[in-house]
Amino acid sequence: MIGDLDLDRWDEKVHGALTAKCYINFNADFWWYDDDSNFIPVISGGLVATTQKWWQDSGGFDPGMRGWGGENTDQSLRTWLCGGDILRATSTRIAHMWRTDSDKRTTSRYH
């Protein structure tokens with residue numbers, strides 16, 4: 001499960017929202033949802049655990065990507081094309097820092 005990060009405590013927000021799965025369609029519409037299956041159609045960007053061998057065999061991150069966004073779709077497609085599955089770890093919780101205009105600490109800083 002992916003929760004909200006409390007930036008002042010660097011811990012999961014108490015009573016924060018929890019999300020589980022990402023979905024994207026052919027129009028590149030992206031949304032969060034949950035169901036009873038452990039299979040996930042699209043990984044959440046940057047929140048992935050894999051073996052070193054699978055990462056290397058799939059090509060890792062695309063060196064042409066410069067900044068946030070798109071890596072989750074890219075890695076999901078690579079996984080499917082290489083014959084893999086994407087599964088969630090149901091006992092794992094991650095506190096995620098969402099980018100918000102109201103908090104300058106979440107501003108992207110790409111070079």
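This report walks through the overall make-up of one protein chain and then turns to a patch on its surface.

**The chain as a whole**

Keep in mind as you look around that the model is predicted. The protein chain has 2 helices and 6 strands. If you follow the sequence from start to end, these elements come in the order β-β-β-β-β-α-α-β. Put another way, five β elements are followed by two α elements, and a β element closes the pattern.

For a sense of the dimensions, the C-alpha atoms fill a box of roughly 40 × 40 × 30 Å along the principal axes. Contacts tell you how the sequence comes together: among those with a separation of 6 or more, 49% are between residues 24 or more positions apart.

**Some values for the protein chain**

| Feature | Value |
|---|---|
| Share of the 111 residues that count as buried | 26% |
| Exposed area | about 8,100 Å² |
| Share of the exposed area from carbon and sulfur atoms | 54% |

Charges are part of the picture too. The protein chain carries 12 positive and 16 negative charges, and the mean positions of the two groups are 5 Å apart.

**A patch on the surface**

Now for a closer look at one place. Which residues make a nonpolar surface patch of about 350 Å²? They are Leu 77, Trp 80 and Leu 81. Leu 81 belongs to helix H2, which covers residues 71-81. Is Leu 81 buried or exposed? Leu 81 counts as exposed because its relative accessible area is 75%, and exposed means over 50%.

Note on methods:
Residues are numbered from 1 along each chain as its sequence is written. This is a predicted model: local features need pLDDT of at least 70, side-chain atom pairs count only at pLDDT 80 or more; totals for chains, interfaces and linings use all residues. Side-chain values use heavy atoms; hydrogens and water are left out. Patches are made of residues with over 30% relative accessible area and no salt bridge: like charges are joined within 9 Å, nonpolar side chains (Val, Leu, Ile, Met, Phe, Trp, Tyr) within 5 Å. Accessible areas come from the Shrake-Rupley method with a 1.4 Å probe; for residues, only the protein chains shown count as cover. A salt bridge is a side-chain nitrogen of Lys or Arg within 4 Å of a carboxyl oxygen of Asp or Glu. Helices (H or I, at least four residues) and strands (E, at least two) are DSSP runs, numbered from the N terminus. Buried means under 20% relative accessible area, exposed over 50%, partly exposed in between (1.4 Å probe, protein chains only). Contact means heavy atoms within 4.5 Å. Lys and Arg count as positive and Asp and Glu as negative; His and the chain ends are not counted. The place of a charge is taken as NZ of Lys, CZ of Arg, CG of Asp or CD of Glu.
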